[in-house]
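I sat down with a structure that was new to me and kept short notes on what I looked up. The entries follow in the order I made them.

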Amino acid sequence: MLLGLFSEVSPSIRSENARTEYLSGIKKGSLKNFTEKDGQEIGDDAYGWNVSYELNEASYNGAMIVVNVKGGILQFIMGTTDQTFETYRDAFNAIYQSLKYSPRSTDTSQPEASSQPAASTEQSKPEKATFSPTDTSDATIEAISTYCDYLTMTQKIIDEYLVNYENAFRGTYLESSLSEQRSEYAAAFDEQKKLYGNMTKQKLSITKSSLVDYLKTYRDTLNDYINRMKALVQ
């Protein structure tokens with residue numbers, strides 16, 4: 001189920017007070033036992049949560065994204081009666097990424113400008129360290145926070161696999177297929193860049209858990225393949 005709603009409200013969803021008031025309004029509406037968790041900013045204009053609720057005597061799990069747009073707030077809720085929403089996270093994210101809207105010209109949640117120059121404020125903000133994984137452990141994969149991090153982690157898993165493949169099969173008949181392997185996984189990574197390359201600066205929110213699970217499975221599948229092939233050449 002996908003619900004869409006536009007509300008002519010002035011407070012920005014970036015304001016904590018506005019979010020609290022907005023969620024309170026939802027809980028008084030037709031969605032019974034509405035519960036939100038894992039709230040997180042999504043870029044500059046939106047905020048998202050994982051949600052659960054009841055509607056027409058059916059229980060739903062899903063996610064909600066609320067977007068600041070010109071003239072108000074745009075809300076999307078996607079839910080499923082399945083026990084998990086994991087299968088639909090990427091689909092819901094694709095819906096959000098496809099939105100075309102006019103952003104607000106001003107952010108009413110922001111305080112008035114101080115007398116200090118903007119440059120001083122910018123200089124006081126600590127710069128976020130670049131995500132540069134040195135391994136493919138669970139902890140490293142779970143540290144991704146943006147789509148850029150996701151792509152970097154994907155490349156790291158592929159690079160590690162190719163090194164392990166070369167080391168495992170050097171001097172065997174499988175060594176000749178290394179070039180083919182490099183081309184195959186370069187093409188696979190290009191497909192990932194097509195999907196997420198235009199979102200590299202955006203934070204992961206409702207899609208993080210599914211992308212983390214995908215990366216772990218991807219890593220394990222490649223490692224298992226090497227182990228199976230080792231058994232054939234011994």
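Entry 1, terms. I call a residue buried when its relative accessible area is under 20%. I also note that the model is predicted.

Entry 2, helix α7. I looked up which residues of α7 are buried, and I found Ser210, Leu211, Val212, Leu215, Lys216, Tyr218, Arg219, Leu222, Ile226 and Met229. The helix itself covers residues 208–233. I then asked what covers these buried residues of α7. The cover includes α2 (89–97), α4 (138–142), α5 and α6 (178–196).

I checked the length of α7 as well. With 26 residues at 1.5 Å a residue, α7 should span 38 Å, and its end C-alpha atoms are 38 Å apart, so the two values agree.

Entry 3, Leu222. I picked one residue of α7 to follow, and Leu222 lies in that helix. Is Leu222 buried or exposed? Its relative accessible area is 5%, and the cut-off for buried is under 20%, so Leu222 counts as buried.

Next I looked up what Leu222 touches. Setting aside its neighbours within four places in sequence, I found Leu222 in contact with Ile157, Tyr161 and Tyr185. Leu222 and Ile157 are 65 residues apart along the chain, while their C-alpha atoms are separated by 8.7 Å.

Entry 4, the cavity. I asked how many cavities of 30 Å³ or more there are. The count is one. The largest cavity holds about 30 Å³ of space.

Leu222 turned up again here, because I had looked up the lining of the largest cavity: Thr136, Ile157, Glu160, Tyr161, Asn164, Arg219, Leu222 and Asn223. Sorted by class, this lining has three nonpolar, three polar and two charged residues. Both α5 (147–169) and α7 supply at least two residues of the lining. The largest share, four residues, comes from α5.

Entry 5, strand β3. I turned from the helices to the strands and started with β3, residues 46–55. Eight of its ten residues are buried, so the rest of the structure largely encloses β3.

I looked up the partners of β3. Strand β2 (residues 32–42) pairs with β3 in the antiparallel sense over seven bridges, and in this pairing Thr35 stands opposite Ser52. β4 also pairs with β3 in the antiparallel sense, over ten bridges, and Glu54 in β3 stands opposite Ser59 in β4. β3 and β4 form a hairpin with two residues between them. In that turn Asn56 has a positive phi of about 55°.

Entry 6, strand β5. How many residues of β5 are buried? I found nine of nine, for a strand that runs over residues 72–80 and is mostly covered.

β5 has antiparallel pairings with β4 and with β1. Nine bridges join β4 (residues 58–69) to β5, and Met64 stands opposite Ile77. Six bridges join β1 (residues 2–7) to β5, and Ser7 stands opposite Ile73. β4 and β5 form a hairpin, with two residues between the strands. Gly71 in the turn has a positive phi of about 90°.

Entry 7, a side note on strands. In a regular strand the side chains alternate between the two faces of the sheet.

Definitions and conventions:
Residues are numbered from 1 along each chain as its sequence is written. This is a predicted model: local features need pLDDT of at least 70, side-chain atom pairs count only at pLDDT 80 or more; totals for chains, interfaces and linings use all residues. Side-chain values use heavy atoms; hydrogens and water are left out. On a 1 Å grid over the protein atoms alone, a cavity is a set of points where a 1.4 Å probe fits but cannot get out, and a pocket is an open set with protein on both sides within 12 Å along at least five of seven lines; lining residues have an atom within 4 Å of a point. Grid points are joined across faces, edges and corners, and a volume is the space filled by probe spheres set on the points. Ala, Val, Leu, Ile, Met, Phe, Trp, Tyr, Cys and Pro count as nonpolar, Asp, Glu, Lys and Arg as charged, and the others, Gly among them, as polar. The expected span of a helix is 1.5 Å times one less than its number of residues. Buried means under 20% relative accessible area, exposed over 50%, partly exposed in between (1.4 Å probe, protein chains only). Contact means heavy atoms within 4.5 Å. Two strands pair if DSSP finds at least two bridges between them.
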